[in-house]
Amino acid sequence: MSEHLELQITEDGSPTLYSTEFHECYHSTRGALSESRHICVDNGLATLSCEPPICVLEYGFGLGMNLWVAAQWAMQNARAVDYTTLELYPVPSEIVSLVSCFESSEVEKIWREAHKAPWEIKCTLSHQIALTKLCIDFMQYTPPVNTFHIVFFDAFSPLRVPEQWDSSLFARIFDALLPGGRLVTYSASGNVKQALRKAGFQVQRRPGALGKHHMLVAEK
């Protein structure tokens, strides 16, 4: 797979990948970490009032930027996070090794350990972070019901993979969330909003990251 991926450094100094297969970057070239913080923390984790551990389900592990910001937030706020992530095409270790130290901290160590962690096994990365990585097609995965507080939905865009933004998949996510749980995503597509509402969510449009007009927060 590595021949289809190009490592790029974004404007905030953090890395992203460009997929020559899907013709898209994994994150905004204006700032991968900045985008992840805006979506997953500012409009996600920081808005929750649940008791720890906070159970996260992520669709699209990629280079692990969402895990990075979740781990950073958990450490800063002394909150435990149980993080489950799905990725059918794991980023090869030789690409991860090319990422230089862009934020020297304990979080970087957690991030590197996350990439080394075995798949399909729950691992403890720190006092705050437990990680389970599942190598599986989004469409083939049925998450356990009434389990998660928040979902980070980070698939390639609806233009590239429309089947991954379908109401049938969102319905399974709806069932997997606890009451009051939410899904956050960078996309604000009208079709995505319609699919989320069809699955049962209440959908709000929020300001997007780094100059992007909008993103979506969907609540159960």
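Are Trp165 and Tyr186 buried or exposed? I looked this up in the predicted model and noted that both residues are buried.

**Entry: ring count.** I went through the aromatic rings next, pairing those with centres within 6.5 Å. By this rule I arrived at 12 aromatic pairs.

**Entry: Trp68 and Trp111.** I took this pair from the count and looked up its geometry. The ring centres are 6.0 Å apart and the planes stand at 65°, so I entered the pair as edge-to-face. I then checked where the partners sit: Trp68 belongs to helix α2 (residues 65-77) and Trp111 to helix α4 (residues 106-116). With their positions 43 residues apart, the pair links distant parts of the chain. For burial, I noted Trp68 at 0% relative accessibility, which counts as buried. Trp111 comes to 1% and also counts as buried.

**Entry: Trp165 and Tyr186.** I went back to the residues of my opening question. Their rings form an aromatic pair with 5.8 Å from centre to centre and 85° between the planes, and I entered it as edge-to-face. I placed Trp165 in the loop between β8 (148-153) and α5 (167-176). Tyr186 lies in the loop between β9 (177-185) and α6 (190-198). The two are 21 residues apart, and this pair too links distant parts of the chain.

**Entry: cluster.** I asked which residues form one aromatic cluster. My list reads Tyr59, Phe138, Phe153, Trp165, Phe170 and Tyr186.

**Entry: charge and ring.** Last, I looked at Phe174. I found the charged end of Lys220 over the Phe174 ring, 5.0 Å from the ring centre.

Key:
Residues numbered from 1 in each chain as written. Predicted model: local features only at pLDDT ≥ 70, side-chain atom pairs only at ≥ 80, totals over all residues. Heavy atoms only, no water. Phe/Tyr/Trp six-rings, centres within 6.5 Å; stacked < 30°, edge-to-face > 60°. Helix = DSSP H or I, 4+ residues; strand = E, 2+ residues; numbered from the N terminus. Buried < 20%, exposed > 50% of the residue type's maximum accessible area, 1.4 Å probe, protein only. Lys NZ or Arg CZ within 6 Å of the ring centre and 35° of its normal.
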